[in-house]
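Please open the model in your viewer and keep the sequence panel beside it. The stops below say what to select next and what is there.

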Amino acid sequence: MNDTRTQTTVIAQAVQIGVDGCLEVIDLGARESTGAALRSAIGCCWFDVVRLTDELDMWIDDEGAIVADAEVNLMATAIARAHGAIWQPFCGVVVFAAHDGNGATVGLSDAQRDALLTGAVFVPTVNH
């Protein structure tokens, strides 16, 4: 008997973190564009990037902190602070992805994904 199930290949893996702290690996390549995938994953119209390291970006709802029912994403804020982004709390769902040498958004490496999923990403890279 042949197995008819198909294996899904993730094209551009990213990690989505909800305000409840739940982490999920998502595929930024599953939509018509990276922007559409980010808007869908974050649940927003306008998004912005917070560059955390030379390779790691955090994508946020550009209006997340000013909506009436804004919820601080404690896990994302803690990750950002561990990497020197100490100036504000971050609200709403966030998406972590990587970028190439030209600044274009690309999928996370397996090591980056695993660091986010296991908490190893909390290792500070900036001394305060």
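Select helix 3, residues 110–118, and colour Gln112, Arg113, Ala115 and Leu116, which are buried, where buried means under 20% relative accessible area, exposed over 50% and partly exposed in between (1.4 Å probe, protein chains only). Helices (H or I, at least four residues) and strands (E, at least two) are DSSP runs, numbered from the N terminus. Looking down the axis of helix 3, you will find that its buried residues fall within an arc of 160°, so they line one face of the helix; the arc is that of the directions from the helix axis to the C-beta atoms. An α-helix has 3.6 residues a turn, so residues three or four places apart point the same way. On the face turned away from the buried side, select Ala111 and Thr118, which are exposed.

This is a predicted model, in which local features need pLDDT of at least 70 and side-chain atom pairs count only at pLDDT 80 or more, while totals for chains, interfaces and linings use all residues. Residues are numbered from 1 along each chain as its sequence is written, and side-chain values use heavy atoms, with hydrogens and water left out.

What do the buried residues of helix 3 pack against? Add strand 1, strand 2, strand 4, helix 2 (74–82) and strand 5 to the selection, since these are the elements that the buried residues of helix 3 pack against, a contact being heavy atoms within 4.5 Å. Just beyond the helix comes Gly119, whose phi is positive, near 90°.

Next, centre on Val15 in strand 1, which is buried, with a relative accessible area of 0%. Not counting residues up to four places away in sequence, Val15 touches Leu23, Glu24, Val25, Val94, Val95, Phe96, Leu108, Arg113, Leu116 and Leu117. A C-alpha to C-alpha distance drawn from Val15 to Gly107 should read 9.4 Å, although the two are 92 residues apart in sequence.

From there, move to Leu117, which is found in helix 3 and at 39% relative accessibility counts as partly exposed. Together with Leu23 and Val25, Leu117 makes a nonpolar surface patch of about 200 Å². Patches are made of residues with over 30% relative accessible area and no salt bridge (a side-chain nitrogen of Lys or Arg within 4 Å of a carboxyl oxygen of Asp or Glu), with like charges joined within 9 Å and nonpolar side chains (Val, Leu, Ile, Met, Phe, Trp, Tyr) within 5 Å. Accessible areas come from the Shrake-Rupley method with a 1.4 Å probe, and for residues only the protein chains shown count as cover.

Now select helix 1 (residues 34–42), in which Gly35, Ala36, Ala37, Leu38, Ala41 and Ile42 are buried. Their cover includes strand 1 (13–17), strand 2 (23–27), strand 3 (47–51), strand 4 (56–61) and strand 5 (94–99). Just after helix 1, Gly43 takes a positive phi of about 80°.

One stop further along is Cys44, buried with a relative accessible area of 11%. The sulfur of Cys44 is 6.9 Å from the closest cysteine sulfur, in Cys45, too far for a bond; the structure holds 0 disulfides (pairs of cysteine sulfur atoms within 2.5 Å).

Finally, zoom out to the whole chain, where 3 helices and 6 strands follow the pattern β-β-α-β-β-α-β-β-α along the sequence. Buried residues make up 38% of the 128 residues.
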